[in-house]
Amino acid sequence: MTADRRSLSGRIGHFDAIVLTSALWFLTKFVRFAFPPLFEQLASVYDISAAVLGTAFSGLLLVYAAMQFPSGLLADRFSSVAVIGAGASLAAVGAFALAVDSPLVVLVGAMLTIGAGTGPVKTVGIRVLSRTYPERTGRALGVFDTIGTFGGAAAPATVVLFTSLPGVVGASWRTTFLVAGIVGVVVTVAFVARVPRRLPDAETNETDAGTAVPIREYGALFREWRFSVFVLVTTLFSFSYNATLAFLPLYFTREVGLDSTTASLLFSALFAVSVVQLLTGEISDRTGTLPLVALTVGLATTGLGSILLLTDVAGPLVLGGAVVCLGLGAHGYRPVRGAYLMSVIPTSVAGGSLGAVRTIQMVAGAASPALVGVLSETAGLRPAFGILTAALLVATGLSLLLWLFDSS
């Protein structure tokens with residue numbers, strides 16, 4: 001092999017960590033979002049109500065959320081690659097369990113298994129990428145989050161495709177999980193084999209030593225006011241954004257008076273701009289993270305506030321512009337959030353601390369749709385969206401405060 005070819009091979013190989021880690025995040029989002037499009041079929045196959053299916057899916061999400069801190073803690077004490085590899089393997093087992101016709105108890109058990117297995121991928125994946133690409137963490141996390149978003153977007157279309165084809169070892173819709181399991185095993189093997197070569201020596205040394213970090217060190221980080229304020233920012237953001245995702249189409253039909261097709265198209269625009277994550281991640285590497293945090297959260301606030309203010313006076317085109325503004329801010333914020341956290345959290349507690357932060361924000365994100373649902377039945381959707389906008393406005397103010405103190 002010539003020197004030029006070896007050099008080219010080395011440059012390509014340098015990106016295998018981000019490709020494989022992002023592929024696992026794609027599969028994580030894919031297998032989770034494959035369930036909602038199947039609810040109608042699952043209700044018919046198992047003769048159960050939507051409430052039972054919703055409870056089972058909530059169980060998957062709760063187990064996923066509960067795994068954030070433990071997986072990060074294990075990554076700090078042992079090996080990031082081993083934790084992700086074990087989780088991805090467990091998720092593949094859950095997918096394979098759904099590939100064949102089976103009773104309801106298997107469905108529920110498989111959903112919980114998938115929740116537990118996919119839990120480590122995001123938290124520990126951020127840790128892996130920040131260590132592998134320390135000078136380009138924002139760019140790496142932008143790619144990571146964008147590819148994950150594509151996984152969620154691909155799931156419904158894939159379900160429709162396989163449902164229209166003959167089944168392989170069970171009902172046709174089960175082929176979705178068979179393919180997900182097979183691809184998951186292949187990617188996991190490649191991840192475990194390739195990624196350790198890209199991590200710095202410190203990762204290997206920590207793994208060999210098995211050093212245990214005292215739990216109190218994770219709590220100590222929250223006593224630093226800047227860190228706690230940022231945790232509040234990301235919690236308020238998750239609270240507002242998750243409820244907005246859940247109820248925005250309904251808001252457009254009930255409060256604005258749009259038909260369901262137009263409401264769905266406007267809702268789709270929210271995800272169409274997710275590629276902005278590549279740009280904001282790249283910019284944060286060059287300008288710093290806090291300016292981008294303030295800008296993106298401010299954009300999201302402007303977008304949601306505009307939807308609220310323009311409800312009675314604007315048509316679909318103007319409201320679509322507000323949705324795009326909301327999407328640019330919300331999606332653009334994600335990689336910058338991860339880059340900031342990895343820049344301020346000490347390496348020795350990076351996994352567990354990030355897991356703790358993600359647990360807090362995910363609990364807030366899980367609670368907000370229920371709150372908005374209750375408010376929509378009592379006070380109406382418009383006041384509920386006013387609360388969501390206020391939460392984002394507070395997050396924007398706190399982001400500006402952090403930026404101000406960081407510059408002083």
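Biologist: Which residues in α4 meet which residues in α7?

Modeller: A good place to start, and please keep in mind that this is a predicted model. From α4 the contact takes A56, F57, G59, L60, V63 and Y64. On the α7 side they meet V108, M111, L112, I114, G115, A116, T118, G119 and K122.

Biologist: How do the residues of that contact divide into nonpolar, polar and charged?

Modeller: Ten are nonpolar, four are polar and one is charged.

Biologist: And how are two packed helices described?

Modeller: The general idea is to give the angle between their axes together with the distance between the axes. Here, helix α4 spans residues 50–66 and helix α7 spans residues 104–132. Their axes come within 7 Å and cross at roughly 30°. Angles under 35 degrees count as roughly parallel, so α4 is roughly parallel to α7. The crossing of these two helices is right-handed.

Biologist: At what angle do α2 and α4 pack, and how far apart are their axes?

Modeller: The angle is about 155°, and the axes are 12 Å apart. Over 145 degrees counts as roughly antiparallel, which means α2 is roughly antiparallel to α4. W25, T28 and R32 of α2 make the contact with F57, L60, L61 and Y64 of α4. By class, that contact has five nonpolar residues, one polar and one charged. Notice that F57, L60 and Y64 appear here and also in the contact with α7.

Biologist: Let's turn to charges. How many salt bridges does a search of the whole structure find?

Modeller: Nine. To read one, look for a side-chain nitrogen of Lys or Arg within 4 Å of a carboxyl oxygen of Asp or Glu. The side chains of R194 and D16 give an example, with an N to O distance of 2.9 Å. This pair links distant parts of the chain: R194 belongs to helix α9 (residues 175–194) and D16 to helix α2 (residues 16–33), 178 residues apart.

Biologist: Is D16 buried or exposed?

Modeller: Under 20% relative accessible area counts as buried, so D16, at 10%, is buried. Its partner R194 has a relative accessible area of 30%, which makes R194 partly exposed.

Biologist: Which residue does R127 meet in a salt bridge?

Modeller: R127 pairs with D76, at 3.2 Å from N to O. R127 sits in helix α7 and D76 in helix α5 (residues 68–77), so distant parts of the chain, 51 residues apart, are linked. Both partners are buried: R127 has a relative accessible area of 1%, and D76 has 3%.

Biologist: What about R382 and D312: where do they lie?

Modeller: R382 lies in helix α18 (residues 381–407), while D312 is in the loop between α15 (289–309) and α16 (316–344). Their side chains meet in a salt bridge of 2.8 Å, N to O, so the pair ties together parts that are 70 residues apart in sequence. R382 counts as partly exposed at 29% relative accessibility, whereas D312, at 59%, counts as exposed. There is also a network: salt bridges that share partners join R139, E282 and R286.

Biologist: Now single residues. Which residues is G352 in contact with, leaving aside its neighbours within four places in sequence?

Modeller: F69, G72, L73, D76 and Y218. You have already met D76 as the salt-bridge partner of R127. G352 is found in helix α17 (residues 350–378), and at 0% relative accessibility G352 counts as buried. Compare sequence with space as well: G352 and T123 are 229 residues apart in sequence, yet 8.6 Å apart from C-alpha to C-alpha.

Biologist: Where is Q361 found, and what does Q361 touch beyond residues up to four places away?

Modeller: Q361 is in helix α17 too. Q361 touches T234, T235, S238 and R337, and is buried, with a relative accessible area of 5%.

Biologist: One last case: where does R174 lie?

Modeller: R174 is in the loop between α8 (137–163) and α9. At 2% relative accessibility, R174 counts as buried. Not counting residues up to four places away in sequence, R174 touches Y46, L98, A99, V100, D101 and S102. The C-alpha atoms of R174 and Y46 are separated by 14 Å, and these two residues are 128 residues apart along the chain.

Definitions and conventions: Residues numbered from 1 in each chain as written. Predicted model: local features only at pLDDT ≥ 70, side-chain atom pairs only at ≥ 80, totals over all residues. Heavy atoms only, no water. Axes fitted to C-alpha atoms, helices over the stretch in contact; angles between N-to-C directions. Helix = DSSP H or I, 4+ residues; strand = E, 2+ residues; numbered from the N terminus. Parallel < 35°, antiparallel > 145°, perpendicular 65-115°, else oblique. Left-handed = near helix turned anticlockwise from the far one by under 90°. Contact = heavy atoms within 4.5 Å. Nonpolar A, V, L, I, M, F, W, Y, C, P; charged D, E, K, R; others polar. Buried < 20%, exposed > 50% of the residue type's maximum accessible area, 1.4 Å probe, protein only.
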